[in-house]
Amino acid sequence: MKALENVKFNHDGLVPAIVQDSGTNEVLMLAYMNRQALELTISTGKTHFYSRSRRTLWCKGETSGNVQHVDTLYTDCDYDTILVKVTQKGAACHEGFRTCFHNLLESASQWKVVGSRLFDPDKVYGKNK
């Protein structure tokens, strides 16, 4: 894909991908893509990422069913960050929340969980995942 020649992957071959809900503009998550994940995202219309901890590709929703359907892709001005605008089915967060950004700084010493879980991660992924 010729357009991917512009994308500046870091020294690990990754580019950060910010995922945002197309309808609400809510930021759902941040993950990383390698070239193959970005190619799969473009060709399938579903988000694919590279797991730095597991060192493998993964498709969002492959286990949970909470798929992200890609509406549009953008890069920043330096071509070193991807913005993926999606239609989210269910929760984006592996902890069961709609968004990964569900911890609100309530005071200088305390975070507060906001929102409610849409699914129980132990039931979806098994214990200790």
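Student: Which residue follows α1, and what is the sign of its phi?

Tutor: In this predicted model, the residue after α1 is Gly45. The phi of Gly45 lies near 80°, so its sign can be read directly. The sign for Gly45 is positive.

Student: At the start of α1, which backbone nitrogen does a side-chain oxygen of Asn34 reach?

Tutor: The oxygen belongs to the side chain of Asn34, at the start of α1. The distance to its partner is within 3.3 Å. A polar contact is a pair of N or O atoms within 3.5 Å. The backbone nitrogen reached is that of Gln36.

Student: Do the buried residues of α1 line one face of the helix or opposite faces, and what arc do they cover?

Tutor: Helix α1 spans residues 35-44, and its buried residues are Ala37, Leu38 and Thr41. Viewed down the helix axis, these residues line one face, because they fall within an arc of 100°.

Student: Which strands do the buried residues of α1 pack against?

Tutor: The residues concerned are Ala37, Leu38 and Thr41. Their partners are the strands β2 (27-33), β3 (48-51), β4 (56-59), β5 (68-75) and β6.

Student: Which residues does the UniProt annotation "binding site" cover, and how far apart are the farthest two C-alpha atoms?

Tutor: The annotation comes from an unreviewed UniProt entry and covers Cys77, Cys93 and Cys100. These residues span 24 residues in sequence, and they do not all gather at one spot, because the farthest two C-alpha atoms are apart by 27.5 Å.

Student: Which of these residues does the lining of the largest pocket include?

Tutor: The annotation in the UniProt entry names Cys77, Cys93 and Cys100. Of these, the lining of the largest pocket includes Cys100.

Student: Is Cys93 buried or exposed?

Tutor: Cys93 is found in the loop between β6 (82-88) and β7 (103-107). Leaving out residues up to four places away in sequence, Cys93 touches Lys60, Arg98, Thr99, Cys100, His102 and Phe119. Its relative accessibility is 3%, and the cut-off is under 20%, so Cys93 counts as buried.

Student: What does Cys100 count as, given its relative accessibility?

Tutor: Cys100 is also found in the loop between β6 and β7. Beyond its neighbours within four places in sequence, Cys100 is in contact with Leu28, Met29, Ala92 and Cys93. Its relative accessibility is 29%, which lies between the limits of 20% and 50%, so Cys100 counts as partly exposed.

Student: What distance separates the C-alpha atoms of Glu5 and Arg35?

Tutor: Glu5 is in the segment before β1 (15-21), and at 58% relative accessibility Glu5 counts as exposed. Glu5 and Arg35 are 30 residues apart along the chain. Their C-alpha atoms are separated by 9.8 Å.

Methods. Residues numbered from 1 in each chain as written. Predicted model: local features only at pLDDT ≥ 70, side-chain atom pairs only at ≥ 80, totals over all residues. Heavy atoms only, no water. UniProt positions renumbered as here; feature names shortened; annotations may be inferred. 1 Å grid on protein atoms, 1.4 Å probe; cavity = no way out; pocket = protein on both sides within 12 Å on 5 of 7 lines; lining within 4 Å. Helix = DSSP H or I, 4+ residues; strand = E, 2+ residues; numbered from the N terminus. Buried < 20%, exposed > 50% of the residue type's maximum accessible area, 1.4 Å probe, protein only. Contact = heavy atoms within 4.5 Å. Arc of directions from axis to C-beta. Polar contact = N/O pair within 3.5 Å; in protein donor to acceptor, adjacent residues only side chain to side chain.
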